[in-house]
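Here is a short round of questions and answers on one protein model. Have the coordinates open as you read.

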Amino acid sequence: MAGFGIWIGGICLLVSSTLIVVDLILRKFFGWSLGGADEISGYVLAIVSAWAFPITLLRRSHIRVDVVYTHMPRRIRIVLDLFAMTCMGVFIGVLTYHAWQVLMDSIAFNAISNTPLQVPQWIPQSLWFAGYLFFLVTIVVLLACSLWLLARRRPREVGGLIGIHSVEEEIHEEVHPESMAAVSPGHQTMQEK
């Protein structure tokens with residue numbers, strides 16, 4: 001589902017960018033505007049960002065400071081990974097709760113944008129909220145899978161699921177980017193093969 005969201009998000013960003021370019025050209029050369037291109041692009045950016053977070057997490061691409069992390073024993077790295085995932089889960093949980101409150105307020109007050117488009121706010125906000133909710137579910141599932149792997153005494157796989165990329169994985173991704181698109185979470189790292 002995350003991969004599907006990425007494709008839809010990419011198409012939406014492309015359409016939004018095209019709309020902005022057309023609007024700029026029309027303004028520059030004809031003194032006429034489509035109106036609402038900036039509003040639509042704002043909605044698209046918020047929605048696409050929310051839906052991009054889960055795939056970024058599944059590909060272990062969120063930025064972490066790893067200067068000390070890589071020199072620590074595996075057990076400490078696993079504890080740090082679980083702590084980082086828990087912190088992210090709490091943060092996204094709070095964010096999702098507030099996104100829900102914003103959506104409910106917009107529905108309760110029949111809020112519409114104060115622009116010429118007069119977009120009912122529940123439409124973009126529900127897609128935005130759904131993206132954060134899916135991100136939260138992804139975090140919870142990854143945490144549950146990590147704890148299950150630990151209970152089954154498979155700590156190497158925990159790092160492959162929620163840890164940061166090893167140096168070998170980073171090199172492999174740079175040399176063979178097409179192969180990393182097919183890699184799913186939990187696959188063995190180059191060191192483990």
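Buried means under 20% relative accessible area, exposed means over 50%, and partly exposed lies in between. The model is predicted.

Q: Is F53 buried, exposed or partly exposed?
A: The relative accessibility of F53 is 28%. Partly exposed covers the range between 20% and 50%. F53 therefore counts as partly exposed.

Q: How many aromatic pairs are there, and what is the geometry of the one formed by F53 and Y132?
A: The count comes to 5 aromatic pairs. F53 and Y132 form one, with 6.1 Å centre to centre and 35° between the planes. Planes under 30 degrees apart would be stacked and those over 60 edge-to-face. The F53 and Y132 pair is tilted.

Q: Which helices hold F53 and Y132, and how many residues apart in sequence are the parts that the pair ties together?
A: F53 lies in helix α2 and Y132 in helix α4. The pair therefore ties together parts whose separation in sequence is 79 residues.

Q: Is Y132 buried or exposed?
A: The relative accessible area of Y132 is 10%. The limit for buried is under 20%. So Y132 is buried.

Q: What kind of pair do the rings of W128 and Y132 form?
A: Their centres are 5.7 Å apart, and their planes stand at 85°. Both residues lie in helix α4, 4 residues apart, about one turn of the helix. W128 is partly exposed, at 22% relative accessible area. Because of the 85° between planes, the W128 and Y132 pair is edge-to-face.

Q: Which residues do ring pairs link into a cluster?
A: Two members, W128 and Y132, lie in helix α4. F53 joins from helix α2. The cluster linked by ring pairs is F53, W128, Y132 and F135.

Q: What is the distance between the end C-alpha atoms of helix α4?
A: Helix α4 has 30 residues, 122-151. At 1.5 Å a residue, the helix should span 44 Å. The distance between its end C-alpha atoms agrees with that: 42 Å.

Q: Which residue that follows α4 has a positive phi?
A: The residue is in the loop between α4 and α5. Its phi is about 60°, although it is not a glycine. Its relative accessible area is 73%, so it is exposed. The residue is R153.

Q: Which backbone oxygen lies 2.9 Å from a polar atom of the side chain of R60?
A: R60 sits in the loop between α2 and α3. R60 is buried, at 13% relative accessible area. Its side chain reaches the backbone oxygen of G160 at 3.4 Å. The backbone oxygen at 2.9 Å belongs to G159.

Note on methods. Residues are numbered from 1 along each chain as its sequence is written. This is a predicted model: local features need pLDDT of at least 70, side-chain atom pairs count only at pLDDT 80 or more; totals for chains, interfaces and linings use all residues. Side-chain values use heavy atoms; hydrogens and water are left out. Buried means under 20% relative accessible area, exposed over 50%, partly exposed in between (1.4 Å probe, protein chains only). A polar contact is a pair of N or O atoms within 3.5 Å; within protein, one must be able to donate a hydrogen and the other to accept it, and residues adjacent in sequence count only if both atoms are side-chain atoms. The expected span of a helix is 1.5 Å times one less than its number of residues. Rings of Phe, Tyr and Trp (its six-membered ring) pair if their centres lie within 6.5 Å; planes under 30 degrees apart count as stacked, over 60 as edge-to-face and the rest as tilted.
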